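Visitor: Please pick one part of this model and take a close look at it. Then work outward from there to the other local features.

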4 protein chains.
Amino acid sequence: MSLNTFGHLFRVTTWGESHGPALGATVDGCPPGVPVDAALLQHWLDRRKPGQSKYTTQRREADEVEILSGTFEGRTTGTPVQLTIRNTDQRSKDYSEIAEKFRPGHADITYWQKYGIRDYRGGGRSSARETAARVAAGGLARAALKALAPQVTIRGYMVQMGPHRIDRDRFDIDEIERNPFWVPDAVAAGDWADYLDGLRKSGNSVGAVVEVVASGVPAGLGAPIYGKLDTDLAAAMMSINAVKGVEIGEGMGAAELTGEENADEIFMGNDGQPVYSSNHAGGILGGISTGQDLVVRFAVKPTSSILKTRQTITKSGEAAEIITKGRHDPCVGIRAVPVGEAMMACVVLDHLLLHRGQIGDAGGRIG
Amino acid sequence: MSLNTFGHLFRVTTWGESHGPALGATVDGCPPGVPVDAALLQHWLDRRKPGQSKYTTQRREADEVEILSGTFEGRTTGTPVQLTIRNTDQRSKDYSEIAEKFRPGHADITYWQKYGIRDYRGGGRSSARETAARVAAGGLARAALKALAPQVTIRGYMVQMGPHRIDRDRFDIDEIERNPFWVPDAVAAGDWADYLDGLRKSGNSVGAVVEVVASGVPAGLGAPIYGKLDTDLAAAMMSINAVKGVEIGEGMGAAELTGEENADEIFMGNDGQPVYSSNHAGGILGGISTGQDLVVRFAVKPTSSILKTRQTITKSGEAAEIITKGRHDPCVGIRAVPVGEAMMACVVLDHLLLHRGQIGDAGGRIG
Amino acid sequence: MSLNTFGHLFRVTTWGESHGPALGATVDGCPPGVPVDAALLQHWLDRRKPGQSKYTTQRREADEVEILSGTFEGRTTGTPVQLTIRNTDQRSKDYSEIAEKFRPGHADITYWQKYGIRDYRGGGRSSARETAARVAAGGLARAALKALAPQVTIRGYMVQMGPHRIDRDRFDIDEIERNPFWVPDAVAAGDWADYLDGLRKSGNSVGAVVEVVASGVPAGLGAPIYGKLDTDLAAAMMSINAVKGVEIGEGMGAAELTGEENADEIFMGNDGQPVYSSNHAGGILGGISTGQDLVVRFAVKPTSSILKTRQTITKSGEAAEIITKGRHDPCVGIRAVPVGEAMMACVVLDHLLLHRGQIGDAGGRIG
Amino acid sequence: MSLNTFGHLFRVTTWGESHGPALGATVDGCPPGVPVDAALLQHWLDRRKPGQSKYTTQRREADEVEILSGTFEGRTTGTPVQLTIRNTDQRSKDYSEIAEKFRPGHADITYWQKYGIRDYRGGGRSSARETAARVAAGGLARAALKALAPQVTIRGYMVQMGPHRIDRDRFDIDEIERNPFWVPDAVAAGDWADYLDGLRKSGNSVGAVVEVVASGVPAGLGAPIYGKLDTDLAAAMMSINAVKGVEIGEGMGAAELTGEENADEIFMGNDGQPVYSSNHAGGILGGISTGQDLVVRFAVKPTSSILKTRQTITKSGEAAEIITKGRHDPCVGIRAVPVGEAMMACVVLDHLLLHRGQIGDAGGRIG
């Protein structure tokens, strides 16, 4: 990763600010011949789009993606793909107060301290709007995965909102698309709606935990020691705005396990591939995929733009109070679900290409 | 990060296997004129060295580091610094069984599936011995930090071992050096000793959580969106063997907070620098340092090399049982403390150089 | 450099095809606070623009650059700058024949062999139109240089067209802007006009040599061994379409010199800086700038799109004859002058930042 | 390339100084399973070794390479390969004078101006000894090429020494190994011996041009726009000490050709692959290999360490005269032949892996 770029071979550079003319992703290294068009990418962008329920910001953005380069007659050419999204609903007036005051818990102050200049409108580059570009790039990565490794599926969902966690015994994958929280637990969906309604009305916000699972990923992707699959997944998720923690498999809970409990036992499956008694590892051992589900979780902090009065300072160092009016997400973790999926898609594709580059298709066979 | 390299400008490539002739770190991009010699690096290596208490592996390694290039008359020259550590206590006979069988929870199987060949002696490249090279590189980073930003201090310690957590009310920084667990809580140190003794005797192992804090880091280090300071810290820690989760500040716990609770309020300090009412952010907002303490935690899973019988398979796909005899760490998290510190030192120095490259010293001043 | 990206800290990724909707450059790592707007970049683009004399392609492109991100109130913010140029004059019909046949001397065949798909309209990604994006990025680099190192000036010009070389004794820097060839020799300008007229009418084309000089570059920029200033300049120039050779200082002619002739003698200047008796080195010793003029030359091969009949094959492997009608440059080297300047600006700025990152401003002083 | 590293996927970082304890190459990303041992690499190092004839420096170095990591039972494991060469004949006393004075035409002064410190013994990092590490890495690349693309052959030779060029009509590949100049022209070999003898006795030195040809390289390697095969070859060759110019195919001479002359006509060969009437392109079109021979030439300037008196200055800025005694190469271009071959091997392998990563083996077929 280098400033605004991630990926080894499938390299994504995002650009753009919340209230500039446009934002987007420049994607280099995509395999050629991948069927893709704007409509296909739009499908994924529409899932992230704000204003779809009362639980996300009421900013109205069409989020229409244009493909400006790198495709020809509906397929990628292997040259850079430029994905551009015009900003349409910018209402700069909402943001005038934060030109002078720094929002507590927000990047306002650090951007100022670093650069000595910042586009304060809507958070500028630090806005969650940047994630639209990731979702567009992730859509392209999914299209490439479909061509190269069609058995791979990627699914994200919420597993926690504030103090409320899902009940894994009620886990129902089909439930995810039926509620505004992408939560795989119908009971939780109802409870969370009530809880978030209350928070939203009080002008407050809350954090969340998102889980993303990739199934069908072949064994052998990744690399020691720094280009590990888990390293890249951790970086990818931590790079999403507002993320403060990342877990692979057991995650932080691995600290509580004994070696005996943690070691997933290995057996031979009927198809000649290893199977495991459990998946504490989250599908990764020694930085390399096992062939089991890749399981990643990340915690998203609550939005700092809230209607609560907080103490802060101004650019000139004066003490001040701040209340952030405007259109914000009471739980920005909700919209992080498609973003986490997009990052997973990019990382898996990138490691697929990286593995193919160094090894070809001929690793070690068992049995 | 690319395979075995990390860092943007201060670039560390580690190399070497557990039972090869040597291992080390090739460090490129170090500032010139930094006072450093082998003794200075040895200080940090000695802290990580195995066999110092009954709680770490009884392998006896001198872990003597040689500086083969990049220094002249006791100072760095700005050219690559080669840090080499010879392996001396290799006893390959201990590892003969794992040439054919894969240890559950270990990288044995994934290395085989990826490469079709592996140096099975002592885990080869996936061995925790690789971290000696990181500690040597981290010692160099500390020396450079001392020259460039002498106010920076870095301190790691354990905060959890298995189910046992420290009591933050008993936090005593001076206690860290007084017990074999680097734990800042004298009571915990006693309790953990009993607990780990029991585990060790039963041939089992357990996980841990390590916290690393960097103080004195100037505001403004980091970068949107993928080269964020927290992204690089997450990657750095996740790249350490056996790490399964990484947290910045509140970490996974940020999910439970409301926006009002989470937003660290800002005031002007007496020295004209902002001060904060709290540090939920762990010293990073929008990927950029605030000037507060950088607070990172990571979970280390239990060693998979245990004296417990586990089900596994052989390279030829036969079912098998495995018990890993040999000299292993009952809680490898202990030795991860100096490793976490080393990674913190490398990342902070790297971002200091990166910031200087793009911005010079002239960011925005408050007040 | 990685596929479509170059630069260490000032990183330029270009994207876009000749006949797609747009092309551009995504520039990451630009210092913040640099005054820049579209008009300033347009100045440089207008110099490269086709159709300005009868000696360049008659394609009519407005080449209007838009800045879509990374600036605020007329200054860079330190976040990625997206420079986009819409294609307006595409006339795809001219290119129908080359969909099936490969032009000898052109990338048609290699793109096909590599990717199995290509946007054949106007050369697609391999078109010289891509260089418009470089010139835009170079304009940004010049603006940053003006802010950081205002004494740096960059000047390119032609020194050879086909068999005709300039006479160094007639070298007149002011002449460069007075003729359509950017040639610093009034006599040559006249001769070349006649020569190229003849070639153009016969449907042929010819090669050229361009020289680019950067003055005022401080001593100390560059790095051993692979990130050398001359390495990066060579790569930068060789990456321009149709370039087949690159020289620093004496270049290929260095082979003919003895050590005694080649070694530029050193003296102390009145301002306490070293001065040299000559500049065979082209301003670079050991990959690091001396403070003398950086002198780079590169050879541009003749355009392969010509009105002469040539033997070739089709995609299906049939023998064929080809004549490339359409609007082409009889000497594409002419338009390479502003492109070479742009690459020089990007490389010098990049190394300025890189040096500042590793060293700060404190290298060794003489005297 | 980044400071001391080159390559996209096959990444080589060299380290070490002329008179430090050792130097070497850390090679990451090598494919696993490649048969290699120290003896195999030694074969290539012995070709570069000084002191083999009276025409190269009389420094006596065993140049024995050790493989410290990344191989197991005679094959690469896919993890980093550390290649180390101990310095044995250092005689620091020869170099005492240059501690204070800067040699004209040498990196002494620029290293000082950049870093403010330098290992002046034998040129330190800027010594041609660094190229031993390249040759070792190149030997590994050749071994990998032998496994992946056994039809590839790489051959370097001198084509010019001072004013003397080979006669292409006398070109005899078998002659290369029969003379101390690696020159494929028996008559030239004799003439050059007389010429160089005279120069050597007078304490002078002279430049040279080396040509390196890779045959059997498949079509399709390379990439637009900055990761071009020719860009990477130019950078690779320009990164060698003392190189001042690089040419692909016609090189600088392309400037003199018309489009009609330059465009290599295409025909179908009997084996269903395209054949060309000529190879002005040097095997690369649009940055991508055509399947023809890759032809690269580079000019090496004369050694600056000569027995002639030259004017210079000291570190404290005093005027001084300098004569460099010691053991130097009258034509360092001779020993650049195996170095150029090594760089070619590294670049071709790297692009083979890069192509496989992005495209797999399925590009476009003709016919």
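Guide: The account below starts from one helix and moves outward to its surroundings.

This is a predicted model, in which local features need pLDDT of at least 70 and side-chain atom pairs count only at pLDDT 80 or more, while totals for chains, interfaces and linings use all residues. Residues are numbered from 1 along each chain as its sequence is written, chains are lettered from A and ligands numbered from 1 in the order in which they are written, and side-chain values use heavy atoms, with hydrogens and water left out.

The part chosen is helix H2 of chain B, residues 108-115. Helices (H or I, at least four residues) and strands (E, at least two) are DSSP runs, numbered from the N terminus. Eight of the eight residues of H2(B) are buried, so the helix is mostly covered; buried means under 20% relative accessible area, exposed over 50%, and partly exposed in between, with a 1.4 Å probe and protein chains only. They run from Asp108(B), Ile109(B), Thr110(B) and Tyr111(B) to Trp112(B), Gln113(B), Lys114(B) and Tyr115(B).

What covers them comes from two chains. From chain A, strands S12 (266-268), S13 (274-276), S14 and S15 pack against these residues, together with helix H7 (336-359); chain B itself adds strand S17 (310-313). Just past the end of H2(B), Gly116(B) takes a positive phi of about 75°.

On the chain A side, one residue can be followed in detail. Gly286(A) is in the loop between strand S14 (284-285) and strand S15 (288-289) of chain A. Apart from neighbours within four places in sequence, Gly286(A) is in contact (heavy atoms within 4.5 Å) with Lys228(A), Ala107(B) and Tyr111(B). Tyr111(B) is one of the buried residues of H2(B). Gly286(A) itself is partly exposed, at a relative accessible area of 26%.

Gly286(A) also carries an annotation. In an unreviewed UniProt entry, "binding site" covers Gly286(A) as well as other residues, including Arg125(A), Asn241(A), Ala242(A), Lys301(A) and Arg327(A). UniProt positions are given in the numbering used here, feature names are shortened, and annotations may be inferred rather than shown by experiment. Ala242(A) is in the loop between helix H5 (229-238) and strand S11 (243-248) of chain A. Like Gly286(A), which is partly exposed, Ala242(A) is partly exposed, with a relative accessible area of 22%. Not counting residues up to four places away in sequence, Ala242(A) touches Ala299(A), Val300(A) and Lys301(A), and Lys301(A) is listed under that annotation too.

On the other side of H5 in sequence there is a backbone feature. The peptide bond from Pro224(A) to Ile225(A) is cis, with omega near 0°, and Ile225(A) is in the loop between strand S10 (208-215) and H5 of chain A. Chain B has a cis bond from Pro224(B) to Ile225(B), with omega about -5°. A further backbone feature is at Trp182(A), which has a positive phi of about 50° although it is not a glycine. Trp182(A) is in the loop between strand S9 (164-165) and helix H4 (186-201) of chain A and is buried, at a relative accessible area of 11%.

In chain D, the loop between S9 and H4 holds Trp182(D), and Phe171(D) is in that loop as well. Phe171(D) belongs to an aromatic pair, of which the structure holds 20 over all chains; rings of Phe, Tyr and Trp (its six-membered ring) pair if their centres lie within 6.5 Å, with planes under 30 degrees apart counted as stacked, over 60 as edge-to-face and the rest as tilted. The rings of Tyr157(D) and Phe171(D) have centres 5.1 Å apart and planes at 80°, so this pair is edge-to-face. Tyr157(D) is in strand S8 (residues 153-161) of chain D, so the pair ties together parts 14 residues apart in sequence. Tyr157(D) is buried at 5% relative accessible area, whereas Phe171(D) is partly exposed at 31%.

Another ring feature is in chain A, where the charged end of Arg142(A) sits over the ring of Trp44(A), 3.7 Å from its centre. A charge sits over a ring if NZ of Lys or CZ of Arg is within 6 Å of the ring centre and within 35 degrees of the ring normal. Arg142(B) likewise lies over the face of Trp44(B), 3.7 Å from the ring centre.
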